[in-house]
Amino acid sequence: MTSVRGLLAASVISVQNSCFIYPACQKCFSKLILCSRRFSCLKCGCTGEAKDASYRYRLSLKIADTNDLFDITVFGSCLDPFFGVTAETLQRYIQDFNQLSGETNTDASPAVLVQAVESCFVGKRFIFGL
């Protein structure tokens with residue numbers, strides 16, 4: 001991991017996507033390809049059973065300071081306090097919700113979750129480490 005090179009105080013203008021969690025390789029943190037009951041990492045070649053895949057937060061935001069707009073992505077466990085649970089736990093909740101509601105798009109986050117994330121971040125000011 002690289003160290004913080006600077007800090008930026010900025011306000012969140014919008015959440016750029018509705019998928020806040022991704023299956024992540026435990027070795028290199030790249031997005032895993034889930035296929036049937038297996039996963040594979042295209043970057044490092046790691047493979048395994050899909051049920052054993054780990055998940056990480058990825059929150060893409062449009063932010064603004066007093067002069068500029070920026071597109072940034074926040075990764076990992078630094079988002080645990082905002083969501084109140086780890087990415088693994090939230091993924092399980094989403095899967096359970098999707099099963100109960102009959103949702104067939106397994107990559108979709110429930111609309112209520114998207115609204116909650118937008119309420120939590122949009123219009124708020126944060127200090128981002130760049």
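What are the helix and strand percentages over residues 9-95, and how far apart are the end C-alpha atoms? In this predicted model, local features require pLDDT of at least 70 and side-chain atom pairs count only at pLDDT 80 or more, while totals for chains, interfaces and linings use all residues. Residues are numbered from 1 along each chain as its sequence is written, and side-chain values use heavy atoms, with hydrogens and water left out.

Residues 9-95 are covered by the annotation "domain: Replication factor A C-terminal" in an unreviewed UniProt entry; such annotations may be inferred rather than shown by experiment. Over this range the chain is 15% helix and 44% strand, and the end C-alpha atoms are 35 Å apart. Helices (H or I, at least four residues) and strands (E, at least two) are DSSP runs, numbered from the N terminus.

Strand pairing requires at least two DSSP bridges between the two strands. Strand S1 (residues 7-15) runs antiparallel to S8 (residues 125-129), to which five bridges join it; Leu-8 is placed opposite Phe-128 of S8. S1 also pairs in the antiparallel sense with S6 (residues 54-64), over four bridges, and Ser-14 has Lys-62 in S6 as its bridge partner.

Three salt bridges are counted, each defined as a side-chain nitrogen of Lys or Arg within 4 Å of a carboxyl oxygen of Asp or Glu. Lys-62 forms one of them with Asp-71, at 2.9 Å from N to O. Glu-49, Lys-51 and Asp-52 are linked in a network, with N to O distances of 3.8 Å for Glu-49 and Lys-51 and 3.3 Å for Lys-51 and Asp-52.
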